[in-house]
Amino acid sequence: MECTSKNRTAMTTISVNAIFTVLLVIGMAYLSTQIMYQQQEIKNFRTKLQKVQGKNGRIHLRQNSESAHLIGRGNTKVRSRPPPGDVYRVTSWKKQHMSGNMSYDNNGYLTVKVDGVYFVYTQMYYHDGNSSYTGFSVYIDNKRILKAIYSVIDLYRPYHTQYIGGVFKITKGQRIWVGTTITRLYYFNEFSSFFGAYMLHSLP
């Protein structure tokens, strides 16, 4: 009986040691895997870092430089006169800021040269007390993307500014412009009437 008890104790000790050894091996294997994973992550980070470093080793942040801001040309009043059933395109703009490849021509078109998602905005300064309402729209090529409309108070309070803006996917070669289908009087100066767009991010 005593011999059998000693054998059982010895077997129990061997079993515990075996389990401990197995757990130790599993733990070491897991730790080794984690170390290899972290080393690979560091390697990937270094590779990405090298792509944005200049020749002198300094980091150059990539920025979306596509942007334009146009302002009212001169302190002048302009009356839109759209042909029947057509849109009057606003052309009384001048460039205040232009960055990247965007371009503006005197026909009122702001042309995008890089595919991306852009924030487009416009503000118009109304000066018309003889109408019941006034307004304007923003277009990409021939498609209206934004519209503003305002009820005129009376003849003695004809002044009002209205701002609209939104985010749109725009591709290379498309043109942004401001227009109206109603005959109204607008006041153009560099502070109250403006129009522009800037890229939020490029398209893959």
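Contact here means heavy atoms within 4.5 Å. The legends below describe a predicted model.

**View 1. The whole chain is one helix and 13 strands.** Read along the sequence, the pattern is α-β-β-β-β-β-β-β-β-β-β-β-β-β. The helix, α1, covers residues 2–51. Of the 204 residues of the protein chain, 35% count as buried. Among contacts with a separation of 6 or more, 74% join residues 24 or more positions apart.

**View 2. Confidence varies along the predicted chain.** The mean pLDDT of the protein chain is 76. A score of at least 70 is reached by 57% of the residues. Among the elements, helix α1 has the lowest mean, 60. Strand β6 has the highest, 96.

**View 3. S192 sits in a loop between two strands.** The strand before the loop is β12 (185–188), and the strand after it is β13 (194–202). Is S192 buried or exposed? S192 has 16% relative accessibility, so it counts as buried. Which residues does S192 touch, leaving out those up to four places away in sequence? They are Q123, M124, Y125 and T161. Take Y125 from that list. S192 and Y125 are 67 residues apart along the chain, yet their C-alpha atoms are separated by 5.8 Å.

**View 4. Strand β13 pairs with β1 and with β7.** Strand β1 spans residues 67–72. Its pairing with β13 is antiparallel and runs over five bridges. Within this pair of strands, H69 stands opposite G196. Strand β7 spans residues 116–127. Eight bridges join β7 to β13, again in the antiparallel sense. Here V117 stands opposite H201. In a regular strand, side chains alternate between the two faces of the sheet.

**View 5. The largest nonpolar core has 30 residues.** Which residues have the most contacts inside this core? They are W93, V120, M124, F136 and I176. The elements that give two or more residues to the core are β1, β7, β8 (133–140), β9 (143–151), β10 (159–170), β11 (175–180), β12 and β13. Nonpolar side chains tend to be buried together in soluble globular proteins.

**View 6. W93 touches residues from several parts of the sequence.** Residues up to four places away are left out of this list. Among its contacts are L70, I71, G72 and R73. Y104, Q123, M124 and V178 also touch W93. So do F188, S193, F194 and F195. One of these contacts, M124, is also named with W93 among the core residues with the most contacts.

**View 7. Y109 and W177 form an edge-to-face aromatic pair.** The structure holds ten aromatic pairs. In this one, the rings are 6.3 Å apart, centre to centre, with 80° between the planes. Y109 lies in the loop between β5 (103–104) and β6 (110–111), and W177 lies in strand β11, so the pair ties together parts that are 68 residues apart in sequence. Are these two residues buried or exposed? Y109 is buried, with a relative accessible area of 13%. W177 is buried too, at 7% relative accessibility. Y109 has a charged partner as well: the charged end of R175 sits over its ring, 3.7 Å from the centre.

**View 8. Y121 and Y163 form a stacked aromatic pair.** Their ring centres are 6.5 Å apart, and the planes are at 20°. Y121 lies in strand β7 and Y163 in strand β10, so the pair ties together parts that are 42 residues apart in sequence. Y121 is buried, with a relative accessible area of 10%. Y163, at 44% relative accessibility, counts as partly exposed. What cluster includes Y121 and Y163? One aromatic cluster holds F119, Y121, Y163, F194 and Y198.

**View 9. D141 has a positive phi.** D141 is found in the loop between β8 and β9. Its phi is near 55°, and D141 is a residue other than glycine. The relative accessible area of D141 is 29%. That value makes D141 partly exposed, because partly exposed covers residues between the buried limit, under 20%, and the exposed limit, over 50%.

Technical notes:
Residues are numbered from 1 along each chain as its sequence is written. Side-chain values use heavy atoms; hydrogens and water are left out. Helices (H or I, at least four residues) and strands (E, at least two) are DSSP runs, numbered from the N terminus. Buried means under 20% relative accessible area, exposed over 50%, partly exposed in between (1.4 Å probe, protein chains only). Two strands pair if DSSP finds at least two bridges between them. A nonpolar core is a set of buried Ala, Val, Leu, Ile, Met, Phe, Trp, Tyr and Cys residues joined through side-chain atoms within 4.5 Å. Rings of Phe, Tyr and Trp (its six-membered ring) pair if their centres lie within 6.5 Å; planes under 30 degrees apart count as stacked, over 60 as edge-to-face and the rest as tilted. A charge sits over a ring if NZ of Lys or CZ of Arg is within 6 Å of the ring centre and within 35 degrees of the ring normal. pLDDT is the predictor's confidence in each residue, from 0 to 100.
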